[in-house]
Amino acid sequence: MDNRSISTVVIIISMQTEAIPLVNKFQLKEDLNPVFPMGVPWVRYFGTYKDLNINVIWPGKDTILGVDSVGTISASLVTYASILALQPDLIINAGTAGGFKCFDMYSTLMFSCFQAKGASIADIFLASDVAFHDRRIPIPVFDLYGVGLRQAFPTPNLAKTLNLKVGKLTTGDSLDTSPKDEASIVSNDATIKDMEVSSRSFLLSIGCCLCPYRGFFKFFLCKFSIKDSVEPVLVYVSCCREQQLLM
């Protein structure tokens, strides 16, 4: 961890309905001369906030089906391109996390496994660790590669100051949950589940080859306003410009 000041922040959001309120909140402008390769659907909104250069990146719509480009493939590509083009000091992956329900075989009740870990609707989480739950490679060592467990950028001062919850995150490309996925989620000891962030965290392992950025953390909210949650994070980052103060 170096002591340089944070200046350029990239916020990556997978769905347009999540991104637009944030764009409006900070009065960001769409980049009409995109920094990304010609022909890709990726959209960049940019502006300044409290001396921070803010970039909100949305992967755009699928060029064939016209739906939001969610999932791990689009996430890793747009993150890689954003790092190369913008050389950020900090990347925030913001979005909505889900949970799943486990069946209690001794009763007729359904209970939330995630809720048992202290997660509730409208909670805001920082991810402490990330892993995949749908990359099953039953070969020694390859099995660990498939899970891809990695630690997120630790920000205990941020969590304490803003009273944010911290938990492990698990990523998969499917919206439903198969029995094997559920077993992997439990094995990952996950509190929150998404469809992108673990693929982005893979770039951390090769980050030294891309650019000198060091920060990467994820926060989630369920049925809650992203724009109202991102602002206090940016206020804190602006006030504590030195990277080590986030830790």
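Which strand is threonine 170 found in? Threonine 170 belongs to strand β10, where helices (H or I, at least four residues) and strands (E, at least two) are DSSP runs numbered from the N terminus. The model is predicted, so local features need pLDDT of at least 70 and side-chain atom pairs count only at pLDDT 80 or more, while totals for chains, interfaces and linings use all residues. Residues are numbered from 1 along each chain as its sequence is written, and side-chain values use heavy atoms, with hydrogens and water left out.

The protein chain contains eight helices and twelve strands. Of its 247 residues, 48% count as buried, meaning under 20% relative accessible area, with exposed over 50% and partly exposed in between (1.4 Å probe, protein chains only). The exposed surface of the protein chain is about 12,300 Å², and carbon and sulfur atoms supply 59% of it; accessible areas come from the Shrake-Rupley method with a 1.4 Å probe, and for residues only the protein chains shown count as cover. Among contacts with a separation of 6 or more, 72% join residues 24 or more positions apart, a contact being heavy atoms within 4.5 Å.

Strands β2 (residues 29-30) and β3 (residues 43-49) pair in the antiparallel sense over two bridges; two strands pair if DSSP finds at least two bridges between them. Here lysine 29 stands opposite phenylalanine 46 in β3. Strand β3 also runs antiparallel to β4 (residues 52-58), joined to it by seven bridges, with glycine 47 opposite isoleucine 54 in β4. The hairpin of β3 and β4 has two residues between the strands, and lysine 50 takes a positive phi near 50 degrees in it.

Back in β10, threonine 170 is buried, with a relative accessible area of 0%. Leaving aside residues up to four places away in sequence, threonine 170 touches Ala131, Phe132, His133, Ile185, Asn188, Ala190, Ile192, Lys193 and Asp194. Its C-alpha atom is 9.3 Å from that of aspartate 134, 36 residues apart along the chain.

Threonine 170 also helps line the largest cavity, together with Asp129, Val130, Ala131, Leu149, Lys168, Leu169, Asn188 and Ala190. Strands β8 (124-132) and β10 (165-171) each give two or more residues to this lining. A cavity is a set of points, on a 1 Å grid over the protein atoms alone, where a 1.4 Å probe fits but cannot get out, and lining residues have an atom within 4 Å of a point. The largest cavity holds about 30 Å³ of space, a volume being the space filled by probe spheres set on the points, which are joined across faces, edges and corners.

Notes: On a 1 Å grid over the protein atoms alone, a cavity is a set of points where a 1.4 Å probe fits but cannot get out, and a pocket is an open set with protein on both sides within 12 Å along at least five of seven lines; lining residues have an atom within 4 Å of a point.
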